[in-house]
Amino acid sequence: MFLSRLPRPWALAVCAVPVAALLAVAGLAPLPFALAQPGQTTNVLGSDQGKPVITISGAPTRQPEGALRMTTIMATGPSADVDFGDVVDAWFRSDRAVLPRDAVYPPGQSDKQIQKHNAAEMARSQNSAVQAALGYLDEDPAKVKVTLNLADVGGPSAGLLFALGIVDKIEGNGAGGDLTGGRDIAGTGTITPDGEVGAVGGVALKTQAAARDGAKVFLVPKAECMDAHAEAPKDMRLIPVTTLKDTVDALRLLGKGSDKVPTC
């Protein structure tokens with residue numbers, strides 16, 4: 001056999017050539033992963049692209065101080081090529097996450113189909129947030145109209161913050177003050193029409209986005225407390241929530257400086 005007649009160092013070198021070639025191909029070949037990083041945050045009590053995020057008619061409103069900051073992650077698209085080098089780099093960075101592509105995007109769909117799907121999810125989330133907030137406030141949805149405006153963001157994870165923004169603009173903390181207490185508060189969570197808060201994923205990256213943009217308090221679905229702790233700054237207060245009502249109650253306690261505010 002040819003290799004058996006070669007000196008050992010030469011034989012090893014010859015064997016290493018196809019292995020190196022395979023590794024080179026693997027390093028350049030697209031892998032079935034998506035890379036995510038902290039995305040934008042938006043204060044739902046403020047404006048987006050020159051328009052108020054929340055507009056209410058049919059009920060007296062107030063202009064709160066502070067911020068209720070919805071958070072996002074930014075991920076590579078379903079058709080983006082992610083190679084071995086990208087994955088290795090992300091694994092060693094706290095501000096990146098490597099996720100199975102099928103866990104981020106429905107398989108077999110184009111970028112345009114995904115965009116349409118995310119827009120539909122956002123619309124459903126907004127409708128649920130309006131129903132949850134007006135239900136909590138005992139406002140008649142036939143009389144009170146709420147319009148939500150947020151461009152270039154998809155998915156359902158802003159539901160909780162939209163609902164809180166509506167509550168703050170109509171009722172505040174219920175005692176004449178702001179629900180935020182003037183603080184910069186961030187968070188995430190889906191919401192159902194009856195006010196149940198659901199998990200969303202990507203929480204560790206969202207706490208980083210919140211800290212980057214100045215928030216010191218983060219509202220997190222209770223089931224994701226451990227994930228939120230992973231990369232949250234030590235001075236960020238994590239408040240676990242399960243419903244719109246208990247979120248409002250927690251913020252009222254926080255505003256009073258109470259030691260009974262729940263903590264992750």
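**Exercise 1. Place E224 in this predicted model.**

The side chain of E224 comes within 2.8 Å of the backbone nitrogen of G201. Find where E224 sits in the chain, and list its contacts beyond its neighbours within four places in sequence.

*Solution.*
1. Start with the chain. E224 lies in the loop between strand 11 (217-221) and helix 7.
2. Now list the contacts, leaving aside neighbours within four places in sequence. E224 touches A199, V200, G201 and V203.
3. Return to G201. This residue is on the contact list, and its backbone nitrogen is the atom that the E224 side chain reaches.

**Exercise 2. Test E224 for a salt bridge.**

Which side chain of opposite charge is nearest to E224, and how far away is it?

*Solution.*
1. The nearest candidate is K206, at 7.1 Å.
2. A salt bridge needs a nitrogen-to-oxygen distance within 4 Å.
3. E224 has no salt bridge, yet E224 is buried.

**Exercise 3. Describe the disulfide.**

How many disulfides does the whole structure hold, and which residues are joined?

*Solution.*
1. A search of the whole structure finds one disulfide.
2. C225 is joined to C264, with an S to S distance of 2.0 Å.
3. Locate both ends. C225 is in helix 7 (residues 225-231), and C264 is in the segment after helix 8 (244-255). They are 39 residues apart, so the pair links distant parts of the chain.
4. Check the handedness. The torsion about the S-S bond is about -55 degrees, so the disulfide is left-handed.

**Exercise 4. Compare the two cysteines.**

Is C225 buried or exposed? What is the relative accessible area of C264?

*Solution.*
1. Buried means under 20% relative accessible area. C225 has 12%, so C225 counts as buried.
2. C264 has 26%, so C264 is partly exposed.

Notes:
Residues are numbered from 1 along each chain as its sequence is written. This is a predicted model: local features need pLDDT of at least 70, side-chain atom pairs count only at pLDDT 80 or more; totals for chains, interfaces and linings use all residues. Side-chain values use heavy atoms; hydrogens and water are left out. A disulfide is a pair of cysteine sulfur atoms within 2.5 Å. Helices (H or I, at least four residues) and strands (E, at least two) are DSSP runs, numbered from the N terminus. Buried means under 20% relative accessible area, exposed over 50%, partly exposed in between (1.4 Å probe, protein chains only). Lys and Arg count as positive and Asp and Glu as negative; His and the chain ends are not counted. A polar contact is a pair of N or O atoms within 3.5 Å; within protein, one must be able to donate a hydrogen and the other to accept it, and residues adjacent in sequence count only if both atoms are side-chain atoms. Contact means heavy atoms within 4.5 Å.
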